[in-house]
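Here's a quick briefing to read with the structure open beside you. Take it topic by topic and find each residue as you go.

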Amino acid sequence: MKCLCVRNRHDRTWTDLAGTLMRLVCVGLAVLLPTSAATGQEEQDDGEAVSFRHQVAPILVAACTACHGPDMQEGGLRLDSYEALLGEGDSGAKAVVPGKLPESEALRRIATDDEFERMPLEADPLPQEQIALVRRWIDQGAKFDGPDAKAPLASILPAAEYPNPPEAYPSPLPITALAFNSDGTRLLVGGYHELTVWKPETGELVERIKNFPERIYAVRYSPDGKRVAVAGGASARRGEVRLLNVADDGTLQSDEPLLSTSGVVFDAVFSPTGDRLACAGEDNIVRVYDVATGEEPRLIESHSDWVMAVAFSPDGAKLATASRDKTAKVFDTASGELLMTYSGHGETVSGVAVHPDGDHVFSAGGDGQIHLWKIEDGKKTADIGGLGGEVFKLATSEEFLFAPSAGKQVRQYKLEGREEVRAYPSSQDWALTCDYHGGTNRLATGSFDGRVRTYDAENGEPLAEWIAAPGYKPPDAP
């Protein structure tokens, strides 16, 4: 068991923070390699066939693809697809040779007693039952039983059964996603392998919904309030988007994942009509799904690094994106054609929103400014400064723009004229996310220290404040 903690958080950029968060449960929660129960592995007699999809692939995703995947290829070797497994690294040795144990370098490296050669490097060795499973699979011919040998391993895994969240959190968790329900009576907050549901006016816990990825980075209701998209994952292992149906009584019912991929999904956004869902994340790809059918999505592969945020234009015809490659882009939603690239930030772009006129885009990120630029020619027409540090996300309503930042506040601006309305304190730490509900005129903010605050946006008065970690007791609590 390993426990990794955020260090020097006030010296980190948002993407550094995001990368750290995806490898940990902050300040006290342990990150575990999947157990046999969690990955679908079962004890077998030597004569029984080993399933690559159900038994071997989960081991590789959990232990190998972070260092041997699309973003990093230690030793020139990729292990993030079945086809890649049969290839060779810089040494010329093949990772897996079907039926030939001595020639399969991957097996040798996970089984060796030499700590300087053993993989995963600088980590605990794999359990003996997992090593035996890989050995038996290779010895049986390393057969593939998935749909596509070229597909990322994370995309062919069976639906995950995630660990239960802690009954009582030992420490607060950074709040990276929250959303009001359609009538504003409930607030959904991302937790550790769960969604928590709260009363926004009092901070009273209503419900805990389990079986979600390790960390959740986006929670979005569809325009009609009948579905919720939840996006998240664990870095370089598995990312996921789930679509939940909203029952008549407001409870949420989860379907199979809409998307499983080899990296965290940072954002998932419904189109204004609710018929499409755009998803983006660590694998640098934007996917646009037909919500009704869930069929193979349109892929947009223009960015060269993580895609941090996506936003539709008011008419749904354009899709804006923000990326760690220091650009924001706009695409034609129907064709996927790139319409414009904006490179004015010079730093990671973490938030994006399309202006109601459909002709301009707001983008923000590591430079601590909000830029307004024109889609037609990519030229900046205005900027907003004085936010006190990196801007992590952007949220809009029909009238307002909201920006949470390292300045420990969420700032509200009028879309027309960009006049600042007010700044909402978000405890004493970075404000990471926010959501506005126009029907009740309420704003919810989430911060790095695990606090959620709700406000009456009519006058800026606070309504409630709480640490969204069920069962957590501060050190000074009686």
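Let's start with D435, which touches L178, A179, F180, R442, L443 and A444 once residues up to four places away in sequence are set aside; contact here means heavy atoms within 4.5 Å. Keep in mind that this is a predicted model, where local features need pLDDT of at least 70, side-chain atom pairs count only at pLDDT 80 or more, and totals for chains, interfaces and linings use all residues. Residues are numbered from 1 along each chain as its sequence is written, and side-chain values use heavy atoms, with hydrogens and water left out.

**More on D435**

- You'll find D435 in strand β25, which covers residues 431–437. Helices (H or I, at least four residues) and strands (E, at least two) are DSSP runs, numbered from the N terminus.
- Is D435 buried or exposed? D435 is buried, yet it has no salt bridge. Buried means under 20% relative accessible area, exposed means over 50%, and partly exposed is in between (1.4 Å probe, protein chains only). A salt bridge needs a side-chain nitrogen of Lys or Arg within 4 Å of a carboxyl oxygen of Asp or Glu.
- The nearest side chain of opposite charge belongs to R220, and it is 6.3 Å away from D435. For charges, Lys and Arg count as positive and Asp and Glu as negative, while His and the chain ends are not counted.
- What does the side chain of D435 reach at 2.8 Å? It's the backbone nitrogen of F180, a residue that is also on the list of those D435 touches.

**The whole chain**

- The protein chain has 7 helices and 28 strands.
- Out of its 478 residues, 55% count as buried.
- Among contacts in the chain with a separation of 6 or more, 48% are between residues 24 or more positions apart.
- About 20300 Å² of the chain is exposed, and carbon and sulfur atoms supply 45% of that. Accessible areas come from the Shrake-Rupley method with a 1.4 Å probe, and for residues, only the protein chains shown count as cover.

**The largest nonpolar core**

- The largest nonpolar core has 28 residues, and F52, V56, L60, L85, V96, V134 and W137 touch the most other members. A nonpolar core is a set of buried Ala, Val, Leu, Ile, Met, Phe, Trp, Tyr and Cys residues joined through side-chain atoms within 4.5 Å.
- Which elements give two or more residues to this core? They are α3 (52–63), α4 (82–85), α5 (105–111), α6 (128–139) and α7 (153–156).
- The most comes from α3, which gives 7 residues to this core.
- Now zoom in on F52: leaving aside neighbours within four places in sequence, its contacts include L60, L85 and W137, along with Y82, F144, L153 and I156.

**Loops and backbone quirks**

- M119 and P120 are joined by a cis peptide bond, with omega about 0°. P120 sits in the loop between α5 and α6.
- K326 isn't a glycine, but its phi is positive, near 75°. Look for K326 in the loop between β14 (318–323) and β15 (328–332), where it is partly exposed at a relative accessible area of 41%.
- K408 also isn't a glycine, and its phi is positive at about 70°. K408 is in the loop between β22 and β23, and it counts as partly exposed at 33% relative accessibility.
- G407 lies in the loop between β22 (400–404) and β23 (409–414). Its relative accessible area is 24%, so G407 is partly exposed. Beyond its neighbours within four places in sequence, G407 is in contact with L387, G388 and G389.
- G358 is in the loop between β17 (349–354) and β18 (360–365). Why does G358 count as buried? Because its relative accessibility is 10%. G358 touches P314, K318 and I375, not counting residues up to four places away in sequence.
- How far apart in space are G358 and G316, C-alpha to C-alpha? They are 9.3 Å apart, with their positions 42 residues apart in sequence.

Notes:
A polar contact is a pair of N or O atoms within 3.5 Å; within protein, one must be able to donate a hydrogen and the other to accept it, and residues adjacent in sequence count only if both atoms are side-chain atoms.
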